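Student: Hey, could you walk me through this one? I'd like to get a feel for how it's put together.

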Amino acid sequence: MKHSTQRSILSARKRILQSRPYWLFAFGCLMVIALLGITYTHSRMNAQIMAMSEINKKRIDRLDQLWVLVVDAEASALSFLLMRSDLYLEPYRESIFKLEPLMASMNFDIPPGSEDHEDLMILKRLVDAKFQQMGEMLSKGRAPLAMSNDRGEMGKQLMDEIRIRLAVLKQRRETAHKKLERSYADQSENIQYVGYALGFASLLLILSLFTFQQRQVALRARIHDLLKTENARLEDMVRTRTRELSRLASHLTNAREEERRHMARELHDQMGAWLTAAKMDASWLRRSLGTQVGDDIQERILRLIDSIGSTITLTRRLVDDLQPPLLEGLGLVEALRALGEQFQLDVPVEMDFPANDVNLTQDQSLALYRIAQESLTNIRKYAKATQVKLGLAEEAGKVVLSVRDNGCGFETQNGETHGHGIAGMKHRTQMFNGSLTLRSVLGKGTHIEVCIPAPA
């Protein structure tokens with residue numbers, strides 16, 4: 001139970017470690033989204049504060065414009081009363097013309113129900129009263145006298161009331177604007193803190209990714225070293241096994257050739273002698289019996305003599321196949337020529353040999369002879385060829401054997417179709433540091449080329 005729990009914990013930790021890159025990637029995506037959101041929010045706040053600042057500025061400007069209009073109108077009226085010229089009434093008329101749209105804009109700035117709307121209505125009544133007072137003054141052609149000594153002159157009193165109301169409204173506008181700026185500053189500070197936090201988290205993420213990457217690099221390097229060491233060990237093992245197999249195959253090949261030589265000697269020395277003696281005895285019996293036996297016995301004796309002769313011929317052919325006498329007596333060229341002439345009884349053979357024998361050792365010549373013999377045997381069994389080319393050449397310090405046919409061919413990539421014959425050819429070639437090239441196309445025949453370095 002304890003081991004099972006430990007395995008479960010290790011498995012869970014392994015899954016967590018394997019999923020850590022995905023968590024880091026998801027966290028990085030969230031960080032990017034958060035930074036984009038903060039940037040967007042900050043941009044919107046900048047746009048809003050700029051818009052509100054512009055609106056408040058225009059509202060304050062309109063309050064100043066109202067005061068300027070009232071002052072200009074009063075100055076124009078007083079100037080007209082002093083100078084008695086219509087030219088001085090132009091500012092007064094322009095003020096009256098601009099007053100109505102300006103008051104409409106201010107009514108839009110401070111709508112009904114707002115905190116300053118009551119003061120705006122009072123200001124509007126004061127302005128109307130002031131302009132009405134200036135109208136009466138212009139219509140009478142003189143400034144009105146004070147209604148009482150304690151109240152003072154009516155025009156000055158109205159101007160003081162207008163200035164006070166404008167100052168109150170302007171002060172409230174400026175206070176609201178400063179409050180908005182403080183609110184924006186607080187929000188910017190909060191966003192700044194969030195940005196610091198996200199920046200610190202991004203730094204941690206970068207450090208985590210860097211650490212993870214370094215661990216991955218170290219792990220890959222360790223795996224690479226382990227694989228390199230393991231590959232070296234496996235290559236040494238393969239080379240060792242290859243050498244052992246090569247030595248074993250060479251031993252088996254040499255043992256098979258030695259067994260063939262032994263069988264050839266036994267067949268030639270023992271069975272050949274016995275068959276020759278048996279043929280001689282049968283011939284002596286036929287001559288000795290003469291006419292003492294019937295024709296049927298004479299016929300059987302003749303048949304026995306022919307059978308013994310055929311057996312002797314078969315034995316000689318077997319001996320030649322096991323240990324070709326021409327190879328030892330006349331060399332590789334003549335042995336291949338005899339092999340081609342024998343194969344020519346079944347399929348036409350085009351032979352191309354040098355005039356003199358090639359410079360090879362007895363074992364090398366035997367290897368090339370066996371390869372040619374195996375190739376021709378395969379052609380007879382499988383190729384269904386109608387033309388065969390058998391060639392031998394000596395060039396640039398190497399001897400080249402070439403066997404080509406126009407048979408059905410086979411797939412060289414499919415090792416199952418090669419059998420042991422091709423493997424034996426390759427091994428015989430490798431025994432002498434040679435090379436074997438096999439080219440075959442379905443329906444277009446096969447070409448085998450063997451190159452063996454000539455001895456120095």
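Tutor: We'll go through the sheet, then the helices, then empty space inside. This is a predicted model, where local features need pLDDT of at least 70 and side-chain atom pairs count only at pLDDT 80 or more, while totals for chains, interfaces and linings use all residues. Residues are numbered from 1 along each chain as its sequence is written, and side-chain values use heavy atoms, with hydrogens and water left out.

Student: Cool. In what order do the strands of the sheet come?

Tutor: Five strands make an open sheet in the order β1-β2-β3-β5-β4, with mixed pairing. Strands here are DSSP runs of E, at least two residues, and helices are runs of H or I, at least four residues, numbered from the N terminus. Two strands pair if DSSP finds at least two bridges between them.

Student: Which strands stand at the edges?

Tutor: β1 (349-352) and β4 (435-441) do, each with a single partner strand, so one side of each has no neighbour in the sheet.

Student: And how do β3 and β5 run, parallel or antiparallel?

Tutor: β3 (residues 398-405) and β5 (residues 445-453) run antiparallel, joined by eight bridges. For instance, D405 has T446 in β5 as its bridge partner.

Student: OK, helices. Which strands does α7 touch?

Tutor: Helix α7 (residues 332-343) packs on the sheet and touches β1, β2 (388-395) and β3, where contact means heavy atoms within 4.5 Å. Its direction makes about 175 degrees with that of β2. Axes are lines fitted to C-alpha atoms, for helices over the stretch in contact, and angles run from 0 to 180 degrees between N-to-C directions.

Student: What about α8?

Tutor: Helix α8 (residues 362-383) lies across β2, β3 and β5, at about 10 degrees to β3.

Student: How do α7 and α8 sit together?

Tutor: Their axes come within 10 Å and cross at roughly 10 degrees. That makes α7 roughly parallel to α8, because angles under 35 degrees count that way. Residues in the contact include L332 and F343 of α7, and S365 and R380 of α8.

Student: Switching topic: how many cavities of 30 Å³ or more are there?

Tutor: The count comes to one. A cavity is a set of points on a 1 Å grid over the protein atoms alone where a 1.4 Å probe fits but cannot get out, and lining residues have an atom within 4 Å of a point.

Student: What lines the largest cavity?

Tutor: R59, L63, M106, D109, I110 and R173 line the largest cavity. Helices α1 (2-83) and α2 (90-109) each supply at least two residues of that lining.

Conventions: Angles under 35 degrees count as roughly parallel, over 145 as roughly antiparallel, 65 to 115 as roughly perpendicular and the rest as oblique. On a 1 Å grid over the protein atoms alone, a cavity is a set of points where a 1.4 Å probe fits but cannot get out, and a pocket is an open set with protein on both sides within 12 Å along at least five of seven lines; lining residues have an atom within 4 Å of a point. Grid points are joined across faces, edges and corners, and a volume is the space filled by probe spheres set on the points.
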